[in-house]
Every structure is written in structure tokens, then in C-alpha cells.
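Work through the exercises below with the model in view. Each task is followed by a solution in steps.

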Amino acid sequence: MVGQEGNNSNRAVFTVSTEGESIAFGKLVGQAVVPGTVLLLNGDLGAGKTTFTKGIAGGLRIDRVIKSPTYTLIREYPNGRLPLYHMDMYRITEEEAVELGLDDYFNGSGLCVIEWPTQISDLLPADTVTIMIERKPSDPYARRFVLEASGAKSRAVVEAIMKTASHLSDSSKDSSKDSSKDSSKDSSQDSSQNT
């Protein structure tokens, strides 16, 4: 997982190479969110929004199977560090969305993850983290995650994600250095034993 492109407290970009890394990045996001966080997931069909949400659930320590909310509109997972409300607004109008009582979710103590949020743009709270998931045409598994904060709470969440991601990146660099040192020791020991 790689952070890049001039990350700051309002915007951060991360790239991943595999589906497993998408889930791992989602887990990191799930660990960083606070009560009342609203994540808006944008991306083409098949971009990996539900796969990413599986990772977020893992970061919230939710041990249930995460399914797409395409036909149920909202799936609730109450038994984690925070309740998770996974929403899909693709097939809904704003008038229908009003009847769902979304304000109760947005102003509650859980995490709202909304796929296809543009369908209800006038109903969304002002302070959200928008996450654009982009596919690379040349690689079926690589993804680029562009995070943008729109308020104080969401900025704090993006900063927490960047901080955790940089620690992970630093520790993976350190472990790769250690393993390369170990392998060079092993090869030097092997060559000395062979002489």
C-alpha cells in the first residue's frame, strides 16, 4: 500500500496492487474512523466498493459476512467497535431516501458507508470523507483510492488514516531491510562454510 501525490489533511491518495491490499487498506480505515463518520464511496461498477467495505468491517472488528446492500438498501452490522451501516443508494430517488430516516444514521454513533452517494447528494451531511476508487485498465486488481475530507471531523479521520498508513509503510520497509540483511548474512555464512 502506497501513499502518494502530496497528501495533506484534506486529501490523500493510496494505491494498492491486489484485492487483499484493498481489504487491508479498508481495515486501516475501519480502525481510524470515529463515531458519526460518513464515508462516501464512489467508483464504477466493479471498482471494489463492497470488497473495500469488507476490510472496513474487519477494522471495526465485525465478524459477520459483509454482503452488498444493493437490494436491501441498508445493511446494519451493530456488533463491532462501532456499528456499521452499509448503504447502497444506486436504485433510489431522494424522495424515497427521505423515508429511510437517513439523518438518524448520519447523526448516530456508528459509521455510515454509502455506495453511490450522488443519488442522495442533497441529503448528505456537510462533513464527510469522499473516497473515489479508481481502477487501472492495465491491471485488474490495482486500485487508486482518493480520499477527500470536507470538514473538521473528516479531516481528523483522513489524518489518522495517513498516520497509520505511514507507520505501516515504515515498518514494512524496516522488515524488508531486516530480511535482506538476514539473507545477506545467510549467504555470507554459506559461502564461508563452503570454503
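**Exercise 1. Decide whether Glu-115 is buried, partly exposed or exposed, and find what surrounds Glu-115.**

Step 1. Take the cut-offs: buried is under 20% relative accessible area, exposed is over 50%, and partly exposed lies in between, with a 1.4 Å probe and protein chains only.

Step 2. Apply them. Glu-115 has 4% relative accessibility and therefore counts as buried.

Step 3. Place the residue. Glu-115 belongs to strand β6; helices (H or I, at least four residues) and strands (E, at least two) are DSSP runs, numbered from the N terminus.

Step 4. List the neighbours, where contact means heavy atoms within 4.5 Å. Apart from residues within four places in sequence, Glu-115 is in contact with Leu-41, Lys-49, Thr-50, Thr-53, Pro-69, His-86, Met-87, Asp-88 and Met-89.

Step 5. Check one distance. Lys-49 is 66 residues away from Glu-115 in sequence, yet the C-alpha to C-alpha distance is 7.0 Å.

A note on the basis of these values: this is a predicted model, in which local features need pLDDT of at least 70, side-chain atom pairs count only at pLDDT 80 or more, and totals for chains, interfaces and linings use all residues. Residues are numbered from 1 along each chain as its sequence is written, and side-chain values use heavy atoms, with hydrogens and water left out.

**Exercise 2. Determine how far α2 is enclosed, and by what.**

Step 1. Count the buried residues. In α2, 9 of the 11 residues are buried, so this helix is largely enclosed by the rest of the structure.

Step 2. Name them: Lys-49, Thr-50, Thr-51, Phe-52, Thr-53, Gly-55, Ile-56, Ala-57 and Gly-59.

Step 3. Identify the cover. It includes α1, β3 (38-42), β5 (84-88), β6 (111-115), β7 (129-136) and β8 (139-149).

**Exercise 3. Describe how α1 packs against α2.**

Step 1. Read the geometry. Helix α1 (residues 19-32) and helix α2 (residues 49-59) pack at about 45 degrees, and their axes are 6 Å apart. Axes are lines fitted to C-alpha atoms, for helices over the stretch in contact, and angles run from 0 to 180 degrees between N-to-C directions.

Step 2. Classify the angle. It makes α1 oblique to α2, given that angles under 35 degrees count as roughly parallel, over 145 as roughly antiparallel, 65 to 115 as roughly perpendicular and the rest as oblique.

Step 3. Find the residues that meet. From α1 these are Glu-19, Ser-22, Ile-23, Phe-25, Gly-26, Lys-27, Val-29, Gly-30 and Gln-31, and from α2 they are Thr-51, Phe-52, Gly-55, Ile-56, Gly-58 and Gly-59.

Step 4. Sort them by class. The contact of α1 with α2 has 5 nonpolar, 8 polar and 2 charged residues. Here Ala, Val, Leu, Ile, Met, Phe, Trp, Tyr, Cys and Pro count as nonpolar, Asp, Glu, Lys and Arg as charged, and the others, Gly among them, as polar.

**Exercise 4. Examine the loop between α2 and β4 (74-77), and then Glu-76 in the strand.**

Step 1. Recall the background: most residues other than glycine have a negative phi.

Step 2. Look for positive values. Arg-61, which follows α2, has a phi near 65 degrees. Leu-73, also not a glycine, has a positive phi of about 75 degrees. Arg-61 lies in this loop, and Leu-73 does too.

Step 3. Compare accessibility with the cut-offs. Arg-61 is exposed at 60%, while Thr-72, with 43% relative accessible area, is partly exposed.

Step 4. Move on to Glu-76, in strand β4. Glu-76 is partly exposed at 41% and touches Arg-64, Leu-84, Tyr-85 and Tyr-105, not counting residues up to four places away in sequence.

**Exercise 5. Summarise the chain and say where the model calls for caution.**

Step 1. Count the elements: 5 helices and 8 strands. Their order from the N terminus is β-β-α-β-α-β-β-α-α-β-β-β-α.

Step 2. Take the totals. Of the 195 residues, 41% are buried.

Step 3. Check pLDDT, the predictor's confidence in each residue, from 0 to 100. The chain averages 86, and 82% of the residues score at least 70. Among the elements, β1 (residues 2-4) has the lowest mean, 59, and β3 the highest, 98.

Step 4. Find the weak stretch. Residues 190-195 have pLDDT below 50, and beyond near neighbours in sequence this stretch has 0 contacts in the model. Where pLDDT is low, the predicted coordinates should not be read in detail.
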